[in-house]
Structure formats: C-alpha cells, structure tokens
Amino acid sequence: MEVKIYMTFSDNIMTTLTMIGKAIEKGAVEDIKSYLQTCDTITTNGMPGVRADKINTNLSKMVASENVEIKLFKRSSWKGVLVVDKENKMIFSVCTKSTLDRVIKNKNRRSPHYAQTMVNTVNKDEKAEIKQMSISDFAPLLAVEFTEDEFEKDFFSIMEEAINEFEGYRFWVVSYEVDHFVLKSLSAILMDKDFDKVQEISILETLKPNFGDLTVAEPKQEKKKAVRSLLSVKAG
C-alpha cells in the first residue's frame with residue numbers, strides 16, 4: 001500500500017507564507033479601502049485589477065529577499081507575479097478563490113493557463129489521494145489536451161529558464177477570499193496536474209494577533225513597588 005508523505009513546513013517557510021499573507025491582506029483590504037476613499041470616479045470597474053496590482057506591489061516590498069525572488073511574467077497585456085523561494089524550492093502564485101475555481105473548470109483553452117502549465121511541469125509527479133471526475137473521463141473528444149512539449153515551452157516563456165533548472169521545486173497557489181473588507185479564507189494549496197488537491201495549509205490563523213501578549217499580568221513585586229511610590233509620609 002502506498003503511503004502519502006505530506007510536506008512539512010519549517011518555521012522559515014511559515015515566515016515566508018505569513019509575509020505573503022500579510023501582503024495579500026494589506027492589498028485586498030487596507031489598500032482597497034484607501035483606493036475607494038481617494039478615487040474620483042462614479043464607478044470602480046477597475047478594482048479587481050487595482051487589488052491585484054496592490055498585492056503584487058506588496059509582495060515585492062514585503063516578501064522579496066536574498067533568497068526569495070519576485071518573478072514578473074507577461075500574458076498578452078496582463079502581467080503576473082510568482083514568488084520564487086530558492087532556499088526551500090517553492091514557487092507561489094496568488095489569486096482569489098473564485099479565479100482559481102474558474103481556471104480549474106475551464107477545460108477548453110486554446111493555450112494553457114499559466115497555473116495549468118506550472119502544475120503540469122513543476123508538479124507533474126504529484127498525485128492527489130482523491131481524484132475528481134473530469135470531462136476527459138466521460139467525453140475524451142471534448143477535452144483539449146496539451147502536450148508535455150507545449151507545457152515546457154510555455155514554462156520557459158514564464159520563467160525564462162528550462163524546467164530542469166527547477167528540479168525538486170513545488171508550485172503552490174495561495175488562494176484567498178475577501179467579503180466586505182474581511183479576509184474570509186487564505187490558504188496555500190499544492191495540486192497535481194489535474195488541479196486536484198494534494199495538500200492544503202491554512203495561512204489565515206498566522207495573521208491573527210496574539211491578544212494574550214496584550215493582557216500579560218504585571219509581576220506582583222512590581223505592582224507593590226508602584227503602589228509604595230505613590231504613598232507619602234505625613235509630617236508629624
């Protein structure tokens with residue numbers, strides 16, 4: 001029987017994920033609030049694009065380091081961002097939960113989506129324990145299939161390097177959901193080539209403040225000293 005080994009996240013990786021989470025939270029909540037307060041337009045149709053730009057900028061400012069590269073790539077007139085953790089051999093992409101769902105459901109693309117390329121190259125050896133039925137399972141002629149060569153060429157157009165330069169890497173999608181300026185979900189998802197989940201790690205809990213640190217009781221000795229300092233000796 002095959003035993004599935006899940007990836008364990010070190011403190012170093014969790015620190016990177018937490019910073020990615022903070023960049024997303026700031027871009028999707030704080031920065032959008034500020035944008036809506038200052039924009040002088042009667043409609044805000046461009047807000048999804050603004051939100052993505054804010055998050056990508058925050059990733060560049062808050063996450064990039066000596067070992068973490070912010071990789072820009074172009075798709076037609078759209079520019080995307082990947083977070084490349086060279087030390088831990090991980091590549092992260094950020095998108096909303098609804099966008100990820102839409103990418104997974106679209107089986108009739110003329111060219112591969114960048115996330116589809118990444119899971120079919122970087123994650124090609126991953127295998128989810130639970131597999132979902134796809135259109136190719138019951139109607140193979142309706143499904144559009146891309147070749148391994150097509151995926152590798154597209155990978156090169158994204159990363160500007162061949163796939164063999166990323167031996168041992170894994171591609172994770174950081175998916176988030178915002179509702180009325182509240183971050184409802186935030187998690188890193190490892191998927192196989194069919195977009196089925198291999199592993200999912202919640203990041204949302206790491207962003208919550210530790211209120212216990214704010215209510216630490218003052219040592220009794222210090223309290224007594226403070227009280228004595230307020231007393232004065234009455235003359236006579």
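**Exercise 1. Is K124 buried, partly exposed or exposed, and what does its side chain meet?**

Solution. The model is a predicted one.

Step 1. Take the accessibility of K124: its relative value is 41%. Buried means under 20% and exposed means over 50%, so K124 counts as partly exposed.

Step 2. Look for a charged partner. The side chain of K124 meets that of E148 in a salt bridge, with 3.9 Å from N to O.

Step 3. Place the two residues in the chain. K124 sits in the loop between α4 (114-119) and α5 (135-138), whereas E148 belongs to helix α6 (residues 148-159). The two are 24 residues apart, and the pair links distant parts of the chain.

**Exercise 2. Describe the salt bridge between R170 and E126, and state how accessible each residue is**.

Solution.

Step 1. Start with the distance. The closest N and O atoms of R170 and E126 are 2.9 Å apart. The cut-off for a salt bridge is 4 Å, so the pair qualifies as a salt bridge.

Step 2. Locate the ends. R170 lies in strand β4 (residues 170-179), and E126 is found in the loop between α4 and α5. With their positions 44 residues apart, they link distant parts of the chain.

Step 3. Assign the accessibility classes. R170 has 23% relative accessibility and therefore counts as partly exposed. E126 has a relative accessible area of 13%, which makes it buried.

**Exercise 3. Work out where K86 and E69 lie and how they are joined, then place the pair in the full salt-bridge count**.

Solution.

Step 1. Identify the link. A salt bridge joins the side chains of K86 and E69, at 3.9 Å from N to O.

Step 2. Find the elements. K86 is in the loop between β2 (78-85) and β3 (90-96), and E69 is in strand β1 (residues 68-75). They are 17 residues apart and connect distant parts of the chain.

Step 3. Check the surface. K86, at 44% relative accessibility, counts as partly exposed. E69, at 32%, also falls in the partly exposed class.

Step 4. Turn to the whole structure. The salt bridges come to 13. Some residues are linked in a network of salt bridges: K131, D192, K193, D194 and D196.

**Exercise 4. Which residue is the nearest side chain of opposite charge to D85, and what else surrounds D85?**

Solution.

Step 1. Place D85: this residue is in strand β2.

Step 2. Test for a salt bridge. D85 is buried yet has none. The nearest side chain of opposite charge belongs to K86, 9.4 Å away. A salt bridge needs a distance within 4 Å, so K86 does not reach D85 by this rule.

Step 3. Look for another polar partner. A polar atom of the D85 side chain lies 3.2 Å from the backbone nitrogen of E87.

Step 4. List the contacts. Apart from neighbours within four places in sequence, D85 is in contact with T16, N67, V68, M90, F92 and Y169.

**Exercise 5. Classify the aromatic pairs that F73 makes with W78 and with Y114**.

Solution.

Step 1. Take F73 and W78. Their centres are 5.7 Å apart and their planes meet at 75°. Planes over 60 degrees apart count as edge-to-face, so this pair is edge-to-face.

Step 2. Compare the surroundings. F73 is buried, with a relative accessible area of 4%, while W78 is partly exposed, at 41%.

Step 3. Take F73 and Y114. The ring centres lie 5.0 Å apart and the planes stand at 55°, so the pair is tilted. F73 is in strand β1 and Y114 in helix α4, 41 residues apart, so that distant parts of the chain are linked. Both F73 and Y114 are buried.

Step 4. Combine the results. F73, W78 and Y114 form one aromatic cluster. The structure holds six aromatic pairs.

**Exercise 6. Summarise the fold and state where the confidence falls below 50**.

Solution.

Step 1. Count the elements: there are eight helices and six strands. Along the sequence their pattern reads α-α-β-β-β-α-α-α-α-β-β-β-α-α.

Step 2. Consider burial and contacts. Of the 236 residues, 39% count as buried. Among contacts between residues at least 6 apart in sequence, 64% join residues at least 24 apart.

Step 3. Check the confidence. The mean pLDDT is 86, and 80% of the residues reach 70 or more. The pLDDT is below 50 over residues 138-142, a stretch with four contacts beyond near neighbours in sequence. It is also below 50 over residues 220-234, where the model has one such contact.

Key: Residues are numbered from 1 along each chain as its sequence is written. Side-chain values use heavy atoms; hydrogens and water are left out. Helices (H or I, at least four residues) and strands (E, at least two) are DSSP runs, numbered from the N terminus. Buried means under 20% relative accessible area, exposed over 50%, partly exposed in between (1.4 Å probe, protein chains only). Rings of Phe, Tyr and Trp (its six-membered ring) pair if their centres lie within 6.5 Å; planes under 30 degrees apart count as stacked, over 60 as edge-to-face and the rest as tilted. Lys and Arg count as positive and Asp and Glu as negative; His and the chain ends are not counted. A polar contact is a pair of N or O atoms within 3.5 Å; within protein, one must be able to donate a hydrogen and the other to accept it, and residues adjacent in sequence count only if both atoms are side-chain atoms. Contact means heavy atoms within 4.5 Å. pLDDT is the predictor's confidence in each residue, from 0 to 100.
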